[in-house]
Amino acid sequence: MRPFLLQVAAVTLINLKSIPQRFWLSLSTVVAVALVVMVLLTFLAMSYGFQKTLSGTGAADVAIALRGGAAAEINSAVTRDQVRLIEEGPGIDRGADGRPLTSAELYLVVDGVKRSTGTKANLPLRGVGRDGANVRKGITIQAGRMFAPGSNEVVVGKSLASEFAGFDLGQTVKLGTSQWTVVGVFTADGGVFESEIWADAPAVQSLFKRENYFQTVRARLESPAALASLKQYVESDPRLKLDVKTEQDFYAEQSGQTTDLIQKLGWPLAIAMAFGALAGALNTMYSSVAARAVEIATLRAIGFGGTPAFIGTLVESLLLSVIGGIIGAVATWLIFDGFTTSTLGASFTQVVFSFHLSPALVLQGVGLALVVGLVGGLFPAIRAARQPIVAGLAG
Amino acid sequence: MSDHALVRLEGVTKGFVKGQESIAIFKALDLAIPTGDFVAVMGPSGSGKTTLLNLLGGIDHVDAGAITVAGQRIDGLSENALARYRAANVGFVFQFYNLMPMLTAAQNVELPLLLTPLKKAQRRTHVETALAVVGLADRAKHYPREMSGGQQQRVAIARAIVSDPKILLCDEPTGDLDRATADEILGVLQTLNRELGKTIVMVTHDPAAARYAKRTLHLDKGQFFEKDLAA
């Protein structure tokens with residue numbers, strides 16, 4: 001076994017040391033694989049960043065009630081009576097004043113202008129109840145203060161303020177037909193609420209002429225397990241034709257369609273490009289085997305077996321591809337990790353999110369590079385192992 | 001035919017196909033080479049000199065007949081068995097040296113030892129000895145590009161003898177060298193034969209080179225004719 005491993009090591013060393021003789025060809029393979037991995041990882045980082053933003057929003061102990069069958073807040077409608085019935089439901093946590101911690105909310109689309117492009121975009125205006133911030137976890141006023149109930153004041157999420165023009169602290173912004181003053185900027189642990197404008201729900205109802213209905217009711221649960229009793233309560237009351245789920249599940253569903261779409265674009269594109277890189281790898285490795293035909297034949301004449309020649313060629317191909325994969329991953333990380341952008345969410349409003357490249361995604365990218373290297377090296381490696389010695393020695 | 005021959009060819013037939021035509025190189029060729037012999041093989045181009053070396057080295061196959069080297073029939077061996085046979089019995093010396101350009105002289109010489117169970121320190125000792133035999137002890141760390149043609153061929157000879165093979169197969173070992181350097185290399189081969197008892201089969205076009213051998217075989221039309229060129 002030891003001589004065999006020494007043979008493999010020697011052939012691999014000879015192959016790797018001869019790479020400089022085929023520098024440009026080898027470099028082209030590395031670059032091709034790097035580009036494939038970059039494309040894939042950019043899409044995956046986008047998908048993962050979007051998913052992370054939305055899934056980071058939901059809490060398991062916050063229930064959200066929407067009209068039965070409504071897939072998004074914008075499609076939902078909840079009457080004032082239904083809000084009142086929900087507030088009387090079981091399993092809902094209570095504040096210091098003994099009142100149930102709930103927030104009946106409106107979700108409207110208003111116009112905004114993207115700072116980077118100057119183009120118009122749909123922004124979400126959320127009218128929240130007086131416990132809107134308390135029902136949720138992680139809402140912190142970063143600058144300014146919370147809006148005053150009944151006023152034309154808004155607080156805006158940090159991401160929205162940085163991505164869209166006109167939402168700096170103290171500015172007045174026209175939403176709908178009325179003017180609103182930005183009195184605070186809030187954070188929400190990086191969640192989707194940071195892409196929203198919040199105002200007092202009654203004020204939004206009044207100024208947008210939606211007096212008698214809301215779109216969702218959120219309720220802080222005593223515990224995640226309390227959802228079951230609240231659901232049972234809703235299902236048993238014919239006046240409550242509502243779907244109740246945890247906020248966590250709601251946002252997981254919301255992110256699913258978009259992340260699926262991004263991934264379904266990313267993988268086919270990367271695989272299509274991978275075929276191009278594969279052609280490059282095959283070309284490089286066939287050239288490598290041809291350039292080393294005399295060396296391979298000499299080693300085999302000395303007594304080296306065909307298997308070390310096979311493994312050595314494969315290792316060279318894998319190494320070039322892995323180098324390409326790592327370069328692609330590092331380039332993606334340098335260029336795109338943390339890159340902030342926005343896209344339409346499930347409610348047709350902009351969700352601001354950052355590309356995020358996780359170690360698991362990097363592994364997927366390097367895994368694809370390895371597949372390219374493996375397939376690209378396999379057939380040249382077979383040729384290296386099976387090449388007749390006499391033909392190889394003849395050059 | 002000697003019963004104590006190191007190499008014995010019996011009724012060896014070998015040919016190749018060119019287009020629709022079958023061309024015979026050897027027809028029922030017989031040959032015996034005793035241990036310690038130094039045979040020069042001469043003959044016109046296409047007479048099968050290199051093919052003979054390839055058959056003896058187990059890198060080509062006979063169409064018919066038997067080849068026995070050191071008591072082992074090598075015709076009909078599998079590729080793996082032939083690789084083991086070469087590693088244990090054969091040292092090749094090529095016209096263009098066939099050194100690995102990215103390895104030092106010592107690393108090149110060490111290659112056949114990687115096929116043995118020797119430990120690193122033992123391998124180093126063997127490499128130093130082999131390089132000393134060919135007079136290149138001080139060039140161990142030099143790369144082929146840093147050496148002359150003659151020095152490179154000496155390294156190739158060191159590589160061929162380092163694992164103490166039973167037979168050296170030299171294919172035009174001086175074909176790429178000037179006269180003076182060729183004489184040096186042939187002197188090294190002669191020393192290996194006379195002082196270390198190495199059995200050598202050398203293919204050459206050069207009658208002057210053949211004179212270093214103990215005997216010369218002329219190969220023509222698939223048969224051997226023995227001549228004495230040393231006189």
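I began at A:Phe23 and placed this residue in helix H2 of chain A. I note at the outset that the model is a predicted one.

**Entry: exposure of A:Phe23.** I looked up the relative accessibility of A:Phe23 and found 44%. Partly exposed denotes the range between 20% and 50%, so A:Phe23 counts as partly exposed.

**Entry: surface patch.** I then asked which residues make the nonpolar surface patch of about 660 Å². I listed A:Phe23, A:Trp24, A:Leu27, A:Val31, A:Leu35, A:Leu269 and A:Met273. Helix H2 (23-55) and helix H8 (247-291) of chain A each supply at least two residues of the patch. H2(A) gives the most, with five residues.

**Entry: largest nonpolar core.** I turned next to the interior. The largest nonpolar core has 38 residues, and I recorded A:Leu41, A:Phe193, A:Trp198 and A:Val372 as those with the most contacts inside it. In chain A, at least two residues of this core come from each of H2, strand S1 (62-67), strand S8 (178-188), H8, strand S14 (350-354) and helix H11 (359-386). H2(A) provides the largest share of this core, nine residues. I also noted that domain 1 (2-55 + 255-393) and domain 2 (69-240) of chain A each contribute at least three residues to this core.

**Entry: contacts of A:Trp198.** Leaving out residues up to four places away in sequence, I found that A:Trp198 touches A:Arg126, A:Val128, A:Gly132, A:Ala133, A:Arg136, A:Ile139, A:Phe147, A:Glu153, A:Val154, A:Val155, A:Phe186 and A:Phe193.

**Entry: another core.** Apart from the largest core I found another, of 37 residues. Among its members I recorded B:Leu136, B:Ala182, B:Leu186 and B:Leu189.

Conventions
Residues numbered from 1 in each chain as written. Chains lettered and ligands numbered in written order. Predicted model: local features only at pLDDT ≥ 70, side-chain atom pairs only at ≥ 80, totals over all residues. Heavy atoms only, no water. Patch = residues over 30% accessible without salt bridge, like charges linked within 9 Å, V, L, I, M, F, W, Y side chains within 5 Å. Areas by Shrake-Rupley, 256 points an atom, 1.4 Å probe, with all protein chains shown as cover. Salt bridge = Lys/Arg side-chain N within 4 Å of Asp/Glu carboxyl O. Helix = DSSP H or I, 4+ residues; strand = E, 2+ residues; numbered from the N terminus. Buried < 20%, exposed > 50% of the residue type's maximum accessible area, 1.4 Å probe, protein only. Core = buried A, V, L, I, M, F, W, Y, C linked by side-chain atoms within 4.5 Å. Domains from an automatic or database assignment. Contact = heavy atoms within 4.5 Å.
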